[in-house]
Amino acid sequence: MSNDPMRLRKHADRPMLLASGSKAGGSAKTSVLLATASLALLAGLRVGIIDADATGTSAISHRVQRPDVQVIPLVEGIQVSALFNQCATFDLVLFDVGANELTNERTFVPLMKLVARLGGRDGNAAMLVSQIPNKSNITDDLTKAIDMFGDLLDIHIVQQNVDGTGDFDDLPPALAALPRHEVPHLTPTVLNIPLGRGWLPADLIRDGFPGYERLRGAWAAHLLHFATSGGFARWLGFDAALPVLEQVTRAAPSQPLPRNVPAHRLTDEVVDCWEEFVDSLASIRSASNDCDLLAAAKRFQASDARYETLIA
């Protein structure tokens, strides 16, 4: 047994089970699962994923192509004992639930049996439910998930600022009392850059691409914010990931990245030029005399011309 009540893993001889579940489609459940897997890998944990998403090519089985992360499809009729044995060597098992699959018997029964094997609320099992801005009925969906599973396993809310607005609906008291973790906005093209290679964000952070150190830093800053929000890293035992993220984050851009440029075009040179462009524009707006205004305008024109040349 663990002596730390803040840790999810109460039984050291069993893996942790973390389900990413919600009935709502498009609530970024899989994105938060991939980010969580990356934090675990950066912390040196062994990770497995149960793919309970029946939606075909959008399923995580098609998005993660790594030899050291086993993805187990939840096929019809699979024996939970066999599923548990496949997961026994992992430190963390992530259970990816597709839209409208949470209450499907095919998903619900194996999930609850795994929860029972791991100890339920008193053991190593929890669920993340995602809240995103400007999503109709998302609060009702969260409430239904908590009513159904709240007595069976720990539930944490992940507030994902997917559109950059931060316009989350107010939560009713029963939801507001739950632990919450924030995932900041990251330009969508940057957010998806690992997926085309079958990678996880951990690969980008650990290995990087030549000439994309600033982009790597942006991803590290994104994960660091998530890891430290509401004690997420401590809760899951990901503390060893924090020094890695802190080191790589030092290269992160100080300005939000442009939204209209594909991630593969955001080289270090482009990001440096973009920051100069944004800073010079801010200097124009804050100039208090003609001399400062002229100097800022020259910087703006030069950086603007250089930026347009680089992305042309």
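The exercises below, each with a worked solution, concern helices, nonpolar cores and single residues in a predicted model.

Residues are numbered from 1 along each chain as its sequence is written. Local features need pLDDT of at least 70 and side-chain atom pairs count only at pLDDT 80 or more, while totals for chains, interfaces and linings use all residues, and side-chain values use heavy atoms, with hydrogens and water left out.

**Exercise 1.** Determine how the axes of helix H8 and helix H11 are placed relative to each other, and state which residues make the contact.

Solution. Helices (H or I, at least four residues) and strands (E, at least two) are DSSP runs numbered from the N terminus, and H8 covers residues 213-228 whereas H11 covers residues 268-286. Axes are lines fitted to C-alpha atoms, for helices over the stretch in contact, with angles running from 0 to 180 degrees between N-to-C directions. The two axes come within 7 Å and cross at roughly 75 degrees. That makes H8 roughly perpendicular to H11, a class that spans 65 to 115 degrees, with angles under 35 degrees counted as roughly parallel, over 145 as roughly antiparallel and the rest as oblique. With contact meaning heavy atoms within 4.5 Å, H8 contributes Glu213, Arg214 and Leu215, and H11 contributes Asp268, Val271, Asp272 and Glu275. By class there are two nonpolar, no polar and five charged residues, where Ala, Val, Leu, Ile, Met, Phe, Trp, Tyr, Cys and Pro count as nonpolar, Asp, Glu, Lys and Arg as charged, and the others, Gly among them, as polar.

**Exercise 2.** Compare the span of H8 with its expected value, and decide whether H8 is largely enclosed or not.

Solution. The expected span is 1.5 Å times one less than the number of residues, so the 16 residues of H8 should span 22 Å, and the end C-alpha atoms are 22 Å apart, which agrees. Buried means under 20% relative accessible area, exposed over 50%, and partly exposed in between (1.4 Å probe, protein chains only). Because 12 of the 16 residues are buried, H8 is largely enclosed by the rest of the structure; among the buried ones are Arg214, Trp219, His222 and Phe226. After H8 comes Gly230, with a positive phi near 65 degrees.

**Exercise 3.** Describe the largest nonpolar core and the surroundings of Leu245.

Solution. A nonpolar core is a set of buried Ala, Val, Leu, Ile, Met, Phe, Trp, Tyr and Cys residues joined through side-chain atoms within 4.5 Å. The largest one has 63 residues, and Phe238 and Leu245 have the most contacts inside it. Its largest share, nine residues, comes from helix H1 (residues 29-42). Not counting residues up to four places away in sequence, Leu245 touches Leu39, Leu42, Ile205, Ala220, Leu223, Leu224 and Ala227. A second, separate core of 32 residues includes Met127, Val129, Ile146 and Leu171.

**Exercise 4.** Find what the buried residues of H3 pack against, and what Arg14 touches.

Solution. H3 (residues 105-118) reaches 20 Å from its first C-alpha to its last, close to the 20 Å expected. Its buried residues, including Pro110, Leu111 and Leu118, pack against strands S1, S2, S4 and S5 and helices H2 and H4. H3 is followed by Gly119, whose phi is positive, near 110 degrees. Arg14, in the segment before S1, is partly exposed, with a relative accessible area of 23%. Not counting residues up to four places away in sequence, Arg14 touches Arg9, Arg117, Leu118, Gly119 and Asn124.
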